[in-house]
Amino acid sequence: MTTQNKTIRLTMAQALVRYLAALRVESGEPLFGGAFAIFGHGNVAGLGEALYQYRATFPTYRAHNEQAMAHAAIAYAKAHMRRRMMAVTSSIGPGATNLLTAAALAHVNRLPVLLLPGDVFVSRAPDPVLQQLEDGGDGSVSVNDAFKPLSRYFDRIIYPEQLLTALPRAIAALTDPAACGPVTLSLPQDVQTMAYDYPEEFFAPRIVRFRALPPVPSELAEAAEVLKKAKQPLIVAGGGVLYGQAGDALRAFAERHGIPVAETHAGKSSLPWDHPLQLGAIGVTGAPSANALASQADLVLAVGTRLQDFTTGSNSLFAKAELVSLNVNSFDALKRRGLGVQADATLGLQGLSELLGDWSASREWSEQARREAAGWRETVTAITGKREVAGLPYDGDVIGAVQRSSTTSTANDIVVCAAGTLPAELHKLWRTSTPGGYHMEYGYSCMGYEIAGGLGVKMAKPASDVIVMVGDGSYLMMNSEIATSVMLDKKLIIVVLDNRGYGCINRLQQACGNAPFNNMLADCLQAGEGAPQIDFALHAKSLGALSEHVDGIAGLEQALVRARAASRTYLICIDTDDTRTTDEGGCWWEVAVPEVSTQPGVQAARARYELDRQGQAK
């Protein structure tokens, strides 16, 4: 019998895990860092047995919440710039549907995660099984069908031999630079336990290579001709710059051609914060330097960005500029009717630069950009440098204290955040020179991502100090992975900014003319003694973390010294002002205001809204 004809008899679940464990990236590291698992009805007997059998080569980590463990897995992949990833398995029913929010997050952000939810019996012998969704019109439906619109690739494995085609397709989707995103393999619990004689060579170690899509010469030439006509061009750097490992190419392109760079949330850290052509954050949460030049630019070169509304000011910020989009994904490259160049960011920038030759932006434009960038850096220093604050500190004061707390530099720090006001402040004010030093989930703006995401980042980058900055609202939505971080010995520094409610949405509510309602704890319907007084430090301590509550910036700075020296996860809570934000920067963002209302404030807000929409591109 030849080697090609040799077989090995395995259950479907054993074959799945063995295949994943054999995959390697070019550095020799495993493609998968392992699996997060919460076992239950539908995965404990089949997949659970397989994970135990291969635990030495494919580690399994237990979490406390299915959505949170998927967030951690997604953050792990993001921290690895999509070059490594994790699998996630849940039971059938609620365990599976708890993964749906994370699946949407990964889909929106183009981040890889392999979801392995348990499913109901294919045999239907115990029909309806515990947690089974019954559909009188379609007997094949289960709750896992909800993953279909949230997955880049979906398959339900109803025969063990289907893995022979399903697994290569799954890996192709997970590692595709354009189609990257969540993959769901739905695993009926009886099929997990079925055996099949698999070809032995199917499990041979193999290298997974990440493709870099070269540009089409005609597209590149057309884009170069358009660029040569520009006098005041601006580069908008998105997440594709980081995922394409194009930081060096971006820097070389900007310097050679004198073009300033502004960064989206996903693209922040593409260029060092102190580079002379680094204008800072762009858009609704952007710096005045970046937004001022964006409004004056005659051409925008969008690199690796999907041009969402926070970047474009709801299509009003650079509405009159010509748009060239360099993106590995054709769907994103063609947005806003711009000229699309579908290519890897590094190859595209290098190819454009070669065609542009000695062309550069006007000297006046480049000098203006350098002045604006330097001025903004000075402003950031002033905003974040305050050690004495009258009254409660606001987010910018806290960010400054965290930034100063590093004993040497912030080159080894990774800040993690997701939703609320904090992303706006961090986008403007956080300084990093390390690609990935700013880890923000703002494509889906998912409250509850922060602590779970921090865990995933720490697993990916154990040598870095991972600092999770989170508001009290997000903390209360999902905090269980504090216990997981302690259990796995993955230390996080968590800074909770307690403004006693949903301060961000409360301000937005009032900006739209409404009265404060149902956002701050003090404004909610109350009974008994009123709004709860929550001790976040005591709560974190109950989950196994070290913790303390501090008063003011001086107290925060002292606590951060203790936190950095601590041996396990350390939470610091500080009370903050719910009314203040950084005045500098920002631009219009479309939030629809009621056309008819009895409230004068809403009527006035509607009038402003109609006026603002006049600057929006059609």
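This note goes through a predicted model point by point.

1. Basis. The model is predicted, with local features needing pLDDT of at least 70 and side-chain atom pairs counted only at pLDDT 80 or more, while totals for chains, interfaces and linings use all residues. Residues are numbered from 1 along each chain as its sequence is written, and side-chain values use heavy atoms, with hydrogens and water left out.

2. The parallel sheet. Six strands make an open sheet in the order β18-β17-β19-β20-β22-β21, with parallel pairing. Helices (H or I, at least four residues) and strands (E, at least two) are DSSP runs numbered from the N terminus, and two strands pair if DSSP finds at least two bridges between them. The edges are β18 (438–440) and β21 (546–550); each has a single partner strand, so one side of each is left without a neighbour in the sheet. From one strand to the next the twist averages 20°; axes are lines fitted to C-alpha atoms, for helices over the stretch in contact, and angles run from 0 to 180 degrees between N-to-C directions.

3. The β17–β18 pair. Strand β17 (residues 413–417) joins β18 in the parallel sense over three bridges. C417 has M440 in β18 as its bridge partner.

4. Salt bridge R110–D332. The structure holds 19 salt bridges, each defined as a side-chain nitrogen of Lys or Arg within 4 Å of a carboxyl oxygen of Asp or Glu. In one of them R110 pairs with D332, and the closest N and O atoms are 2.8 Å apart. R110 lies in the loop between α5 (100–109) and β6 and D332 in helix α13, so the pair ties together parts that are 222 residues apart in sequence. Both residues, R110 and D332, are buried. Buried means under 20% relative accessible area, exposed over 50%, and partly exposed in between (1.4 Å probe, protein chains only).

5. Salt bridge D465–R564. D465 forms a salt bridge with R564, again with the closest N and O atoms 2.8 Å apart. This pair links distant parts of the chain, with D465 in strand β19 (residues 465–471) and R564 in helix α23 (residues 552–565), 99 residues apart. D465 is partly exposed at a relative accessible area of 24%, whereas R564 is buried at 16%.

6. A salt-bridge network. D119, D145, K148 and R156 are joined into one network by salt bridges that share partners. Within this group, the side chains of K148 and D145 meet at 2.9 Å, N to O. K148 is partly exposed, with a relative accessible area of 44%, and D145 counts as buried at 19% relative accessibility.

7. The loop between β6 and β7. Three residues here deserve a look in the model. V122 sits in the loop between β6 (113–119) and β7 (153–156) and, at 35% relative accessibility, counts as partly exposed. R124 is in the same loop, between β6 and β7, and its phi is near 60°, a positive value in a residue other than glycine. R124 counts as partly exposed at 46% relative accessibility. P128 is also found in the loop between β6 and β7, and the peptide bond from D127 to P128 is cis, with omega near -5°.

8. A nonpolar surface patch. V122 forms a nonpolar patch on the surface with I158 and Y159, and together they have about 250 Å² of accessible area. Patches are made of residues with over 30% relative accessible area and no salt bridge; like charges are joined within 9 Å and nonpolar side chains (Val, Leu, Ile, Met, Phe, Trp, Tyr) within 5 Å. Accessible areas come from the Shrake-Rupley method with a 1.4 Å probe, and for residues only the protein chains shown count as cover.

9. R336. A positive phi of about 55° is also found at R336, although R336 is not a glycine. R336 lies in the loop between α13 (330–333) and β16 (339–342) and is partly exposed at 25% relative accessibility.

10. Two buried residues. T184, in strand β8 (residues 182–188), counts as buried at 0% relative accessibility. Leaving out residues up to four places away in sequence, T184 touches L115, P117, F147, S151, Y153, F154 and D155, where contact means heavy atoms within 4.5 Å. I383, in helix α15 (residues 363–384), is buried with a relative accessible area of 10%. With the same sequence exclusion of up to four places, the contacts of I383 include W376, Y394, L429 and E584. I383 and D298 are 85 residues apart in sequence and 31 Å apart in space, C-alpha to C-alpha.
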